[in-house]
Amino acid sequence: MKFNTKTIHGGQHHDPSTGAVMPPVYQTSTFVQSSPGVHTGYEYSRAANPTRTALENALASIENGARALAFSSGLAATDCVLRMLKSGDEVIAMDDLYGGTYRMFTRVYKDSGIKFHFVDMNDLEKFKSLFNENTKLVWAETPTNPLMKLADIEAVAKICREKKVLFAVDNTFATPYLQRPLDLGADIVMHSATKYLGGHSDVIAGALIMKDAELGEQMHFLQFATGATLGPQDSYLVLRGIKTLHLRMQRHCENGQKVAEYLSKNPKIKAVYYPGLESHPFHELAKRQMKGGFGGMVSFTFASGEKAEAIKFLENLKVFTLAESLGGVESLANHPALMTHASIPEDKRKEIGISDDLVRLSVGVEDAEDLIADIEQALS
Ligand SMILES: *Cc1c(COP(=O)(O)O)cnc(C)c1O
């Protein structure tokens, strides 16, 4: 089955008892047993729920994994991966991460005895030098939020395999429509399904997809034993979103490219961060690694370098909504330093390039002409 067909049919079955084409929302905590320990495979919804199972089968199908798990949020999914580790273990992570992931690594796990290294994974020599016998996990995000830096998944995966270290990729920005990390050698894919997979800004959800069934079973135990599962109604919403993922992503990519090209020609703009621009430092890698487009996320800075100009621009937008989050059908705009990345200390923000005049756009699936006209009027 090819990708577009998988988004609709992958791992799906009509409901056996009624023939319902979409899985019912099994709003139940528990399931009948005919004799103690004898049941249909479902006993308690923290362990498994049929609506969540339908979503998990779809997730495993579109990411080409052996097993998927749906979580109550993206961060809950990340946290579940970290629960495999113990005091003394070390993690190597990318130096430009989603703010909440960075906050978890540096603050929640601060006194856990787990050591985190942050590195630019494009410097493969420096990356390799951080491995030692305690290294248990490598964590990458590509493209990154909000600066659209890329990591070469295949090259990083090769090193992780040699060192026998698990490699997890946050695939929230690209989605499996554009890139499938498990096919490139990663062991785990993590998603904030709140974003493109759900696609309609109406649910908070997360996912892990494991290449290997045994690792999948291990992660299921941790999820079951700690409890951050996704409810049936939210599972249904994400499953419904996945069925149009390919259609939405195609338009997100088209509109993202048009908006990025418009911005790159505007004299009021200094830098545009979009992997689909030839001027982007990772354009060649993006062409090789991301198939069929470059996504809907575009960041930029102002020629004036003024924070005040960025704020005025955001206040003036009419079609774009000023809000956190991304990946929904509607276009959103965000000021990373004051909003999504405020949890990263100022000196660290400056170091990785999140300046006070940086604006991040999540380009939606409206008409590109309306989006560009909105940007133009807000700039003037
Ligand atoms: C939003 C986001 C997360 C966190 O997901 P939640 O669903 O908000 O918990 C993690 N990684 C990336 C890249 C994100 O955009």
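## Two domains, one ligand and an unusual loop

In this predicted model, a polar side-chain atom of K195 sits 2.7 Å from an oxygen atom of the ligand. That is a good place to start a tour, which then moves on to the contact between the two domains and to a loop with some uncommon backbone geometry. The chain splits into domain 1, residues 3–242, and domain 2, residues 246–379.

**Around the ligand**

- The ligand is surrounded by 15 residues, and the closest are L75, D170, S192, T194 and K195.
- Like K195, T194 offers a polar side-chain atom, here 2.7 Å from an oxygen atom of the ligand.
- L75 takes part through its backbone: one of its N or O atoms there lies 2.9 Å from an oxygen atom of the ligand.

**How the two domains meet**

- Between the C-alpha centres of domain 1 and domain 2 the distance is 26 Å.
- To the contact, domain 1 gives 41 residues and domain 2 gives 44 residues.
- Accessible area lost when parts come together is a common way to state the size of an interface.
- Here domain 1 and domain 2 bury about 3,300 Å² between them, with 62% of that area on carbon and sulfur atoms.
- On the domain 1 side, L147, L178 and Y196 account for 22% of the area buried against domain 2, and no other three residues supply more.

**Polar and charged links between the domains**

- Domain 1 and domain 2 share one salt bridge.
- D152 and R288 form a salt bridge, with their closest N and O atoms 3.7 Å apart.
- Polar contacts between the two domains number 13 residue pairs, counting those with both residues at pLDDT 80 or more.

**What the domain 1 side is made of**

- Five helices each give two or more residues to the side of domain 1 that touches domain 2: helix 1 (3–9), helix 4 (99–108), helix 6 (153–163), helix 7 (175–178) and helix 9 (232–242).
- Helix 1 makes the largest contribution to this side, with four residues.
- By residue class, this side of domain 1 holds 20 nonpolar, 14 polar and seven charged residues.

**The loop between strand 4 and helix 6**

- As background, most peptide bonds are trans, and most residues other than glycine have a negative phi.
- T142 and P143 are joined by a cis peptide bond, with omega about -5 degrees, and P143 lies in the loop that runs between strand 4 (135–141) and helix 6.
- Another cis peptide bond links N145 to P146, where omega is about 5 degrees; P146 also belongs to the loop between strand 4 and helix 6.
- M148 is not a glycine, yet its phi is positive, near 55 degrees.
- M148, too, is found in the loop between strand 4 and helix 6, so look there when you check the backbone on screen.

How values were computed: Residues numbered from 1 in each chain as written. Predicted model: local features only at pLDDT ≥ 70, side-chain atom pairs only at ≥ 80, totals over all residues. Heavy atoms only, no water. Domains from an automatic or database assignment. Contact = heavy atoms within 4.5 Å. Buried area = accessible area lost by both parts, 1.4 Å probe. Salt bridge = Lys/Arg side-chain N within 4 Å of Asp/Glu carboxyl O. Polar contact = N/O pair within 3.5 Å; in protein donor to acceptor, adjacent residues only side chain to side chain. Nonpolar A, V, L, I, M, F, W, Y, C, P; charged D, E, K, R; others polar. Near = heavy atom within 4 Å.
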